[in-house]
Amino acid sequence: MFDYKETLSDRIVNIKPSGIRKFFDILDEMKDVVSLTVGQPDFVTPWHIREAGIKSLEQGRTYYTSNNGIMEMREEIAKYQSRRFGLEYSPKNEIIVTVGGSEAIDMAIRTLTNAGDEIIVPEPCFVCYSPLVTLAGGVPVPICLKKENSFKLTAKELKEAITPKTKALVLPFPNNPTGACMNKRDLEQIAEVIRETNIVVISDEIYAELTYDEPHTSIATLEGMRERTIIINGFSKAYAMTGWRLGYTLAPQLFTAQMAKVHQFGIMCAPTTSQFAAVSALKNGDGDIEYMKGEYDSRRRYIINRLKEIGIDCFMPEGAFYVFPDISHYGMTSEKFCERLLMEKGAAIVPGTAFGVCGEGFVRISYAYSIRQIDKALTLLDEFVKSL
Amino acid sequence: MKNKILTHLENDARLTPVQLAVMLGTTEEKVRAVIDECEAEGSILSYRTVINWDKTGKESVIALIELKTIPQKDRGFDCVAEKIANFPEVKSVYLMSGGFDLALTLECRTMRDVAVFVAEKLATIEGVTSTATHFVLQKYKDNDVIFEPDTTDKRGNTW
């Protein structure tokens, strides 16, 4: 008898499937659910960007590009990063265009990790970091971020997590799911700790454009940090381009040259059509970003106000498009809370535990939805908590 | 602030001043003041609902009419345009550049009603020299709203 179990890699089998997947599977089966669950924009990619992609197809640009991405795109990324965030990277040897931010994260982690290396992952956070560290043979070391610190990483928490085996720190801000941001003063504290060490920062800045109170600061702009930082960014969130699967890394040449091996052997190159579309995004898309950001900001204020009226305590998110309210006083787990809300009222939100064990007591509500939809879902949430 | 309020209202006229105040991080009083000002200066003209009447079974015919007229001394096209705008069947009137002078949209119950309106009411106005009537076969988009849109949320449930 063919034994599948024996064929599989222990490393893969031992990775727990994401808890949220189960919840989403139930959700997918149900009809007429008012959902505030998805982690992607509700806007369609702006027309000029789509048109640039279509044009590239009409012109027969259906080939592989150079491994690290077409030069015009890398040049535009460099200009954009300089213009928006004051970062200076060479298109020639410090930028790799990847298949979404996800591939960029994977590539960075694999490039840094030897067996047993520890990588610090502040949680709650996007679900991919820890499994990818495990896949690379490393050991993820979670730090539990606290609501009383506005879900920011503090120097003290970081110091306590560092061991001689620490290789890298994942810095996921603006944060999914909490909406927390780290401003220049916050980052300075972290940089002070990191500068004393040989730790690399993997700064996931995919939500950099979606900050509502102050503009995003990259840790790489702080003194001495550029040389030890790999920046992850991409097009999905800022330009509503999730389906195009396009991201990139910005990193010193010594990192980039090594990461390029992972990328060229594993992926070859990012989708060509998407790259041509992205050139238009970078050249002509600043206005689109401002427009979408304005919309998200209105919804953010609206949703926070509704939660307050309902009597649910919520940290005011400063970035991304999620709120992360505290539901711990209702006396049930996050998962139970979401399951009951779904079954009893037909409204869907995501349990905080999907983003790390320290998400217990919280739920994530996405506001990448119309005001009407947000309003409907929160009315159901209001009815639900009143029934408890 | 004014432009933001107007943009929100243009998309959804049902938003209340309280909701707008929350969304824009200001007070209800300030929003009310801006709306009052806009109504007074005429930048807000009306709060309408875009309806797809086809869904209701109501019979109606829409026609676009190109009109040529002789401009009048001192008043140009204003006199004829204002006269036409007063008919309740006329939904819009524009002065155009190009091969004709006025463009109007007309809504009647039947094609025969359109024909009667053109022949008896429009063509007889002093100064109107010719009309060309085009019937609308189907509406795809009107007032910024796409008709019969696919509104199902096809986004994958991701993190």
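Helices (H or I, at least four residues) and strands (E, at least two) are DSSP runs, numbered from the N terminus. The model discussed here is predicted.

Q: Between which strand and which helix of chain A is the loop that holds Pro124(A)?
A: Pro124(A) follows Glu123(A), and the peptide bond from Glu123(A) to Pro124(A) is cis, with omega near 0°. The loop with Pro124(A) runs between strand E3 (118-123) and helix H7 (129-135).

Q: What is the omega of the peptide bond that joins Phe173(A) and Pro174(A)?
A: Pro174(A) sits in a loop of chain A, with strand E5 (166-171) on one side and helix H9 (184-195) on the other. The bond between Phe173(A) and Pro174(A) is cis, and its omega is about -5°.

Q: What is the phi of Asp32(A)?
A: Asp32(A) belongs to the loop between helix H3 (19-29) and strand E1 (34-35) of chain A. Although Asp32(A) is not a glycine, its phi is positive, at about 55°.

Q: At what angle do the axes of H4(A) and H11(A) cross?
A: Helix H4 (residues 47-58) and helix H11 (residues 272-284) both belong to chain A, and their axes come within 7 Å. The crossing is right-handed. Its angle is roughly 140°.

Q: How many residues of the contact of H4(A) with H11(A) are charged?
A: From H4(A) the contact takes His48(A), Ile49(A), Ala52(A), Gly53(A), Ser56(A) and Leu57(A). From H11(A) it takes Thr273(A), Phe276(A), Ala277(A), Ser280(A), Ala281(A) and Asn284(A). By class there are six nonpolar and six polar residues, and the number of charged ones is none.

Q: How far apart are the closest N and O atoms of Lys79(A) and Glu76(A)?
A: Both residues lie in helix H5 (residues 71-85) of chain A, three residues apart, about one turn of the helix. The two form a salt bridge, one of 34 over all chains. For this pair the closest N and O atoms are separated by 3.1 Å.

Q: What area do chain B and chain A bury between them?
A: The contact draws 28 residues from chain A and 15 residues from chain B. Carbon and sulfur atoms carry 50% of the buried area. The area itself is about 1800 Å².

Q: Which residue of chain B forms a salt bridge with Arg372(A)?
A: Side chains of opposite charge can pair when their charged atoms come close. The rule finds one salt bridge across the interface of chain B and chain A. The closest N and O atoms of this pair are 2.6 Å apart, within the 4 Å cut-off, so Arg372(A) is counted as bridged. Its partner is Asp12(B).

Q: Which helix gives the largest share of the side of chain B that touches chain A?
A: Seven residue pairs are in polar contact across the interface of chain B and chain A. On the side of chain B that touches chain A there are five nonpolar, six polar and four charged residues. The largest share of that side is four residues, from helix H2 (residues 17-24) of chain B.

Q: How far apart in space are Thr129(B) and Lys55(B)?
A: Thr129(B) lies in strand E4 (residues 128-135) of chain B. Leaving aside neighbours within four places in sequence, Thr129(B) touches Lys68(B), Thr69(B) and Ile70(B). Thr129(B) is separated from Lys55(B) by 74 residues in sequence, and their C-alpha to C-alpha distance is 37 Å.

Note on methods. Residues numbered from 1 in each chain as written. Chains lettered and ligands numbered in written order. Predicted model: local features only at pLDDT ≥ 70, side-chain atom pairs only at ≥ 80, totals over all residues. Heavy atoms only, no water. Contact = heavy atoms within 4.5 Å. Buried area = accessible area lost by both parts, 1.4 Å probe. Salt bridge = Lys/Arg side-chain N within 4 Å of Asp/Glu carboxyl O. Polar contact = N/O pair within 3.5 Å; in protein donor to acceptor, adjacent residues only side chain to side chain. Nonpolar A, V, L, I, M, F, W, Y, C, P; charged D, E, K, R; others polar. Axes fitted to C-alpha atoms, helices over the stretch in contact; angles between N-to-C directions. Left-handed = near helix turned anticlockwise from the far one by under 90°.
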